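Please walk me through this structure, starting from what counts as a contact and ending with the individual helices. Plain paragraphs will do.

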Amino acid sequence: MSKLTEVDPYQEFIRELFHSDDEELSRLQAEAKSEGLPSISIGPEQGKFLQLLVQLTGAKKALEIGVLGGYSGAWIARALPEGGKLIGLELEQKHADFACKQWQRMGLADKIEVRVGPALDTLPDLVDEAPFDLVFIDADKNNYPAYLDFSLKYSRPGTVIVGDNVSMGGSLVDPDRQDSDWVQGMRKFASALSQNGRLASTVVPYSDGLAMAVVK
């Protein structure tokens with residue numbers, strides 16, 4: 001299910017030492033593949049990074065924009081403390097149903113709530129849930145700037161905002177891809193992260209780029 005299945009020997013060595021999926025996560029990925037979910041999830045390196053962010057920040061309330069099969073959500077929810085909560089926004093009912101089934105199997109269902117529909121429609125309903133301690137954005141790239149605006153609205157000083165695919169396979173600097181709505185959306189997102197005075201931001205060079213910002 002992950003798009004990050006091809007790694008070089010060094011990356012494989014590091015993955016085996018630090019980031020290998022356990023049996024439950026491997027089963028989730030295998031069943032996602034067998035049920036035809038898109039092979040576009042994050043890899044175990046990014047999953048472990050999200051886990052560490054939750055633990056380092058002491059996050060208790062997290063928001064994920066783009067659930068897919070629940071792989072990244074599982075990493076986040078596992079790291080949340082007792083009483084912690086992850087709200088996931090997912091466009092496709094099929095994906096949400098699959099993720100909820102997997103989380104139930106993994107004993108994580110009591111920590112996660114999924115809301116189905118276009119994220120720009122469901123995000124305004126989260127005002128009473130705010131502020132969030134961690135926000136992970138991994139959905140349609142053309143709407144990343146709007147997702148960032150909501151993330152800032154629903155944040156507090158110290159909130160961590162993470163966005164996947166900031167490299168988009170090199171498309172952001174490919175002159176032949178600049179007409180893409182997704183490329184333009186991601187370029188605006190990256191610019192906003194770097195220029196917004198409320199944020200301290202960087203890009204972690206995992207495959208396809210993982211942008212991270214901390215709200216001041």
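Two residues are in contact when heavy atoms of theirs lie within 4.5 Å. The model discussed here is predicted. With that cut-off, and leaving aside neighbours within four places in sequence, threonine 122 is in contact with Leu89, Val116 and Gly117. Threonine 122 belongs to helix α6. Its relative accessible area is 11%, and since buried means under 20%, threonine 122 is buried.

A residue in the loop that follows gives a contrast. Alanine 130 sits between α6 (119–122) and β4. Its relative accessibility is 26%, so alanine 130 counts as partly exposed. Along the chain, alanine 130 is 21 residues from serine 151, and the two C-alpha atoms are 9.5 Å apart in space.

The interior comes next. In soluble globular proteins, nonpolar side chains tend to be buried together. Here the largest nonpolar core has 33 residues, and Ile76, Leu134 and Val162 touch the most other members. Elements that give two or more residues to this core are the helices α2 (23–34), α3 (44–57), α4 (71–79) and α5 (93–105), together with the strands β4, β5 and β7. The largest share comes from α4, with 6 residues. Isoleucine 76 shows what such packing looks like at one position: apart from neighbours within four places in sequence, isoleucine 76 is in contact with Leu50, Val54, Ala62, Leu86, Leu134 and Phe136. A second core, separate from this one, has 29 residues, including Leu89, Ala139, Leu152 and Leu193.

Two of the contacts of isoleucine 76, Ala62 and Leu86, lead to a pair of strands. Alanine 62 stands opposite leucine 86 in β2. Strand β1 (residues 61–65) pairs with β2 in the parallel sense, over 5 bridges. Strand β2 (residues 85–90) is mostly covered, with 5 of its 6 residues buried.

Alanine 77 is another residue of helix α4. At 0% relative accessibility, alanine 77 counts as buried. Not counting residues up to four places away in sequence, alanine 77 touches Leu108, Lys111 and Ile112. Leucine 50 is 27 residues from alanine 77 in sequence, and their C-alpha atoms are 9.9 Å apart.

Helix α5 has 13 residues, and the distance from its first C-alpha to its last is 18 Å, close to the 18 Å expected at 1.5 Å a residue. His95, Ala96, Phe98, Ala99, Gln102 and Trp103 are buried in this helix. These residues cover an arc of only 165° around the axis, which puts them on the same side of α5. The buried residues of α5 pack against α2, α4, β2 and β3 (112–116). After α5 comes glycine 107, whose phi is positive, near 75°.

Between α2 and α3 there is a loop that contains serine 41. Serine 41 has a relative accessible area of 6% and is buried. Its side chain makes a polar contact with the side chain of glutamine 29, at 3.3 Å.

The last helix to consider is α8. How far should the 15 residues of helix α8 (residues 181–195) span at 1.5 Å a residue? The expected span is 1.5 Å times one less than the number of residues, so the 15 residues of α8 should span 21 Å, and the end C-alpha atoms are indeed 21 Å apart. Val183, Gly185, Met186, Phe189 and Leu193 are buried in α8. Seen down the helix axis, the buried residues of α8 fall within an arc of 165°, so they line one face. On the other side of α8, Asp181, Lys188, Ser194 and Gln195 are exposed.

What do the buried residues of α8 pack against? Their partners are the strands β4 (134–137), β5 (160–164), β6 (199–204) and β7 (210–215), along with helix α7 (144–153). One of these buried residues, Leu193, is also among the members of the second core. At the N-terminal end, α8 is capped by serine 180, which has a side-chain oxygen 3.2 Å from the backbone nitrogen of tryptophan 182.

Methods
Residues numbered from 1 in each chain as written. Predicted model: local features only at pLDDT ≥ 70, side-chain atom pairs only at ≥ 80, totals over all residues. Heavy atoms only, no water. Helix = DSSP H or I, 4+ residues; strand = E, 2+ residues; numbered from the N terminus. Buried < 20%, exposed > 50% of the residue type's maximum accessible area, 1.4 Å probe, protein only. Arc of directions from axis to C-beta. Polar contact = N/O pair within 3.5 Å; in protein donor to acceptor, adjacent residues only side chain to side chain. Core = buried A, V, L, I, M, F, W, Y, C linked by side-chain atoms within 4.5 Å. Pairing = 2+ DSSP bridges.
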